[in-house]
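Biologist: I would like to learn how to read a protein model step by step, beginning with a single feature and working outwards from there. Could we go through one together?

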Amino acid sequence: MPLGTTLHLDAVIESVDGRKLWVRGTGRLDAPDGTVAVSATALFLGVTLDHFRRHAPEGTRFRERHAR
């Protein structure tokens with residue numbers, strides 16, 4: 001990003017199917033309708049916090065902090 005510019009971000013959830021979320025995003029320079037500087041698409045999978053508790057490696061700070 002050029003120094004001194006403002007990046008205007010816009011993100012949209014395109015679709016949801018169960019735990020799957022398809023997302024699209026755009027970053028434009030200096031104004032909401034400015035030149036497109038970056039664009040991206042992503043697929044996110046929703047999981048519960050319990051998933052991370054069960055699968056965090058033994059001895060990690062996350063596992064120790066969130067142990068039941």
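Biologist: Where do Asp 50 and Arg 54 lie, and how many residues apart are they?

Modeller: Before I answer, please keep in mind that this is a predicted model. Asp 50 and Arg 54 both lie in helix 1, which covers residues 49–55, and they are four residues apart, about one turn of the helix.

Biologist: What do Asp 50 and Arg 54 form with each other?

Modeller: The general idea is that side chains of opposite charge can pair when their charged atoms come close. In this structure, Asp 50 forms a salt bridge with Arg 54, and the closest N and O atoms are 2.7 Å apart. As for their surroundings, Asp 50 is partly exposed, with a relative accessible area of 23%, and Arg 54 is also partly exposed, with a value of 49%.

Biologist: How many salt bridges does the count come to?

Modeller: The count comes to two salt bridges. Besides the pair in helix 1, Arg 24 forms a salt bridge with Glu 14, where the closest N and O atoms are 2.4 Å apart. Arg 24 lies in strand 2 and Glu 14 in strand 1, so this pair ties together parts that are ten residues apart in sequence.

Biologist: Are Arg 24 and Glu 14 buried or exposed, or do they lie in between?

Modeller: For this step you need the cut-offs: a residue is called buried under 20% relative accessible area and exposed over 50%, and partly exposed in between. Arg 24 has a relative accessible area of 35%, so it is partly exposed, and Glu 14, at 46%, counts as partly exposed as well.

Biologist: Which residues does Glu 14 touch, if we do not count those up to four places away in sequence?

Modeller: Glu 14 touches Trp 22, Val 23 and Arg 24 on that count. It is also useful to compare sequence with space: Glu 14 and Thr 41 are 27 residues apart in sequence, and their C-alpha atoms are 9.4 Å apart.

Biologist: How should I read the strands, and in what order do they form the sheet?

Modeller: In general, strands of a sheet pair through backbone hydrogen bonds, either parallel or antiparallel. Here three strands form an open sheet in the order 1-2-3, and the pairing is antiparallel. Strand 1 and strand 3, the latter covering residues 36–45, are the edge strands, each of which pairs on one side only. From one strand to the next, the twist averages 15 degrees.

Biologist: How many bridges join strand 1 to strand 2, and how many join strand 2 to strand 3?

Modeller: Ten bridges join strand 1, residues 7–17, to strand 2, residues 20–29, while nine bridges join strand 2 to strand 3. To follow individual partners, notice that Asp 10 has Thr 26 in strand 2 as its bridge partner, and that Val 23 has Ala 42 in strand 3 as its bridge partner.

Biologist: What should I look for in the hairpin of strand 1 and strand 2?

Modeller: The hairpin has two residues between the strands, and within it Gly 18 takes a positive phi near 65 degrees.

Biologist: Let us return to Thr 26: is it buried or exposed?

Modeller: Thr 26, which is found in strand 2, has a relative accessible area of 18%, so it is buried. Leaving aside its neighbours within four places in sequence, Thr 26 is in contact with His 8, Leu 9, Asp 10, Val 36, Val 38 and Ser 39.

Biologist: Which residues form a nonpolar patch on the surface?

Modeller: Met 1, Leu 7, Leu 9 and Val 38 form that patch, with about 410 Å² of accessible area together. Met 1 sits in the segment before strand 1, and because its relative accessibility is 59%, it counts as exposed.

Biologist: Finally, what do the elements and the surface look like when we step back to the protein as a whole?

Modeller: The protein has two helices and three strands, and from the N terminus on its elements run β-β-β-α-α. Its accessible surface comes to about 5,600 Å², of which 56% belongs to carbon and sulfur atoms, and buried residues make up 9% of the 68 residues. Among contacts with a separation of 6 or more, residues 24 or more positions apart account for 17%.

Terms used. Residues are numbered from 1 along each chain as its sequence is written. This is a predicted model: local features need pLDDT of at least 70, side-chain atom pairs count only at pLDDT 80 or more; totals for chains, interfaces and linings use all residues. Side-chain values use heavy atoms; hydrogens and water are left out. Two strands pair if DSSP finds at least two bridges between them. Patches are made of residues with over 30% relative accessible area and no salt bridge: like charges are joined within 9 Å, nonpolar side chains (Val, Leu, Ile, Met, Phe, Trp, Tyr) within 5 Å. Accessible areas come from the Shrake-Rupley method with a 1.4 Å probe; for residues, only the protein chains shown count as cover. A salt bridge is a side-chain nitrogen of Lys or Arg within 4 Å of a carboxyl oxygen of Asp or Glu. Buried means under 20% relative accessible area, exposed over 50%, partly exposed in between (1.4 Å probe, protein chains only). Contact means heavy atoms within 4.5 Å. Axes are lines fitted to C-alpha atoms, for helices over the stretch in contact, and angles run from 0 to 180 degrees between N-to-C directions.
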